[in-house]
Amino acid sequence: MTLQADHQVTVIGAGIVGICCALELSRAGYTVRVLDRAGPAEGASLGNAGVISPWSCVPQSLPGQWKHIPRWTLNPDGPVALRWRYLPHLLPWIARFLASASWSRIDRIADALFALNDDAPDLYRALVRGTGGENLIRESSYIHVFRDPRQADPASLQWRMRLARGVPLTFVTGNEVREIEPTLSGEYQAAVLIQSQARCINPGRLGKVLAQTAQKQGVVFETTEVKELIRGSDDLWQIRTADRAIRSSQLVLAGGAWSARLLAPLGIHVPLESERGYHTVFTNPGVTLNNSILDGDRKFAVSSMEVGLRCAGTAEFAGLDALPDYQRAKVIGRLAKRMLPELNTSEVSEWMGSRPATPDSLPCIGSAPGQKGLFVAFGHGHLGLTQAPMTALMMTAMISGTPCPIEPKPYRLNRF
Ligand SMILES: Cc1cc2nc3c(=O)[nH]c(=O)nc-3n(C[C@H](O)[C@H](O)[C@H](O)COP(=O)(O)OP(=O)(O)OC[C@H]3O[C@@H](n4cnc5c(N)ncnc54)[C@H](O)[C@@H]3O)c2cc1C
């Protein structure tokens, strides 16, 4: 059977978001092609912390948080790093980031995050069923550990926001933390256990397994760099690559942190930043964790994975094209040794990836106004692994004109 032109969709970007979109669209009967300059799950989706977090509903920007930013930025071991030469480019984004911390907005943002994350563990279990990758998704708690017990106070804003939404939390103090994770340092005096979560023990392999599943369903993956998107007079899109032009009636732009570059020539300007994160993997760690652990002071996450013990974090703002600064990964490695004193640090690998960050912590999911056939699915920031399956269901509903599984308004592209 030859499918109509409007049953063809080209997805730009083979990160976890693009892969999940391709998979769902092909299940819905579309002929799907995915274009990426690298292979599947080679961008931010390769090296993340693997936390699948249905309960992560607290926005990145919160009231009063600006007071911590100078301290975080000036401390070389702190969780935020800035290349000062990049600051003039970043200022408009920072202004929007701070504005999104108003009391009137944070609850709406939290509800929208919650809706997008809520079903993530079950959606992943369904996606990997029958693929051979079932063991990649593990049941887990997400344990936030603190040196200062006051930070695990249920009355503080981040816990209040979760409790208000029914998140299953347990607050523990003193040595109870080590009863759950015995290898944790005695420095930690309190913890908050966020239960009923999941963790992925190899996010890169998860992306590749799902891409293979999509391929078996007929999705074609091509390695090529997209240079420009041009709307043809025949209502078809022309996707200009290094060596040819590909025509497609419908496009899904899922290019992660690079997405805004393809939209700008169309007159669509999105405040999307590359929030660079790093990981250090200890490939022969000698310790095992049963859950994902977040150091609540230093803001890095640690998890036992197929490849070793992965410690991931840092928010570095240096632009999309700056070379990695692996000092950031080394800082995380040092902090991890303090977190887990028995950790064997002899064998390490390091990585940097760009989180696609919007100033209001919400992704852009939906049609591009005034650009028929162009849809976007990018900007998932710290939670793209978690949010990819629901994004894909939304995208498929929008393209096929069926009811969206959740209210799409908070994620629309023209909200900025
Ligand atoms: C250190 C770190 C830890 C994290 N931990 C977690 C976590 O625990 N849980 C969680 O839910 N999320 C986490 N995240 C966030 C998550 O990894 C990202 O939000 C997610 O991977 C984004 O997926 P994506 O598909 O949008 O982007 P990407 O994975 O970056 O994919 C985008 C793809 O688009 C391609 N592309 C872009 N432009 C073009 C072009 N012009 N032509 C061809 N190809 C193009 C790129 O090559 C790339 O492969 C973490 C991120 C980092 C950096």
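**Stop 1: where two helices meet**

Start by selecting A120, L123, Y124 and L127 in helix 5, then add T386, P389 and M390 in helix 11; these two groups meet each other. Keep in mind as you look around that this is a predicted model. Helix 5 covers residues 120-128, and its axis comes within 9 Å of the axis of helix 11, crossing at roughly 70°. Angles from 65 to 115 degrees count as roughly perpendicular, and helix 5 and helix 11 are therefore described as roughly perpendicular to each other. Now colour the contact by residue type: six of its residues are nonpolar, one is polar and none is charged.

**Stop 2: two domains**

Next, zoom out and colour the protein chain by domain. Domain 1 is made of 5-45, 205-271 and 361-415, while domain 2 is made of 55-120, 127-199 and 272-357. If you place a marker at the centre of each domain, taken over C-alpha atoms, the markers will be 27 Å apart. How many residues does the contact take from each domain? It takes 30 residues from domain 1 and 32 residues from domain 2.

Stay on the domain 1 side and select helix 8 (203-216), helix 9 (259-263) and helix 11 (384-400), the elements that give two or more residues to the side touching domain 2. Which of them gives the largest share? That is helix 8, with five residues. By type, this side of domain 1 divides into 17 nonpolar, 11 polar and two charged residues.

**Stop 3: the largest nonpolar core**

Now turn to the interior. In soluble globular proteins, nonpolar side chains tend to be buried together. Here the largest nonpolar core holds 118 residues, and the ones to highlight are I19, C21, A22, V252 and A377, which touch the most other members. Select helix 1 (residues 16-27) as well, since it supplies the largest share of this core, eight residues. Keep your domain colours on, too: the core draws at least three residues from each of domain 1 and domain 2.

Pick I19 and show what surrounds it. Leaving out residues up to four places away in sequence, I19 touches A14, P40, A41, G207, L210, A211 and A214.

**Stop 4: A41, in a loop**

One of those neighbours of I19, A41, deserves a click of its own. You will find A41 in the loop between strand 2 (31-36) and strand 3 (51-52). Its phi is near 55°, a positive value in a residue other than glycine. Is A41 buried or exposed? A41 is buried, as 26 other C-beta atoms lie within 10 Å.

**Stop 5: strand 16**

Finish with strand 16, residues 308-317, and select T314 in it. T314 is another residue other than glycine with a positive phi, here near 75°. With 22 other C-beta atoms within 10 Å, T314 is buried.

Then step to G313, also in strand 16. G313 counts as buried because it has 24 C-beta neighbours inside 10 Å, and 20 or more is the cut-off. Which residues does G313 touch, not counting those up to four places away in sequence? Show P79, G277, K299, F300, A301 and I332 to see them. As a last exercise, draw a distance line from the C-alpha atom of G313 to that of A357: the two residues are 44 residues apart along the chain, and the line spans 14 Å.

Technical notes
Residues are numbered from 1 along each chain as its sequence is written. This is a predicted model: local features need pLDDT of at least 70, side-chain atom pairs count only at pLDDT 80 or more; totals for chains, interfaces and linings use all residues. Domain bounds come from an automatic or database domain assignment. Two residues are in contact if their C-beta atoms, placed from the backbone, lie within 7 Å. Helices (H or I, at least four residues) and strands (E, at least two) are DSSP runs, numbered from the N terminus. Ala, Val, Leu, Ile, Met, Phe, Trp, Tyr, Cys and Pro count as nonpolar, Asp, Glu, Lys and Arg as charged, and the others, Gly among them, as polar. A nonpolar core is a set of buried Ala, Val, Leu, Ile, Met, Phe, Trp, Tyr and Cys residues joined through C-beta atoms within 7 Å. A residue is buried if 20 or more other C-beta atoms lie within 10 Å of its own, exposed if 12 or fewer, and partly exposed in between; C-beta atoms are placed from the backbone. Axes are lines fitted to C-alpha atoms, for helices over the stretch in contact, and angles run from 0 to 180 degrees between N-to-C directions. Angles under 35 degrees count as roughly parallel, over 145 as roughly antiparallel, 65 to 115 as roughly perpendicular and the rest as oblique.
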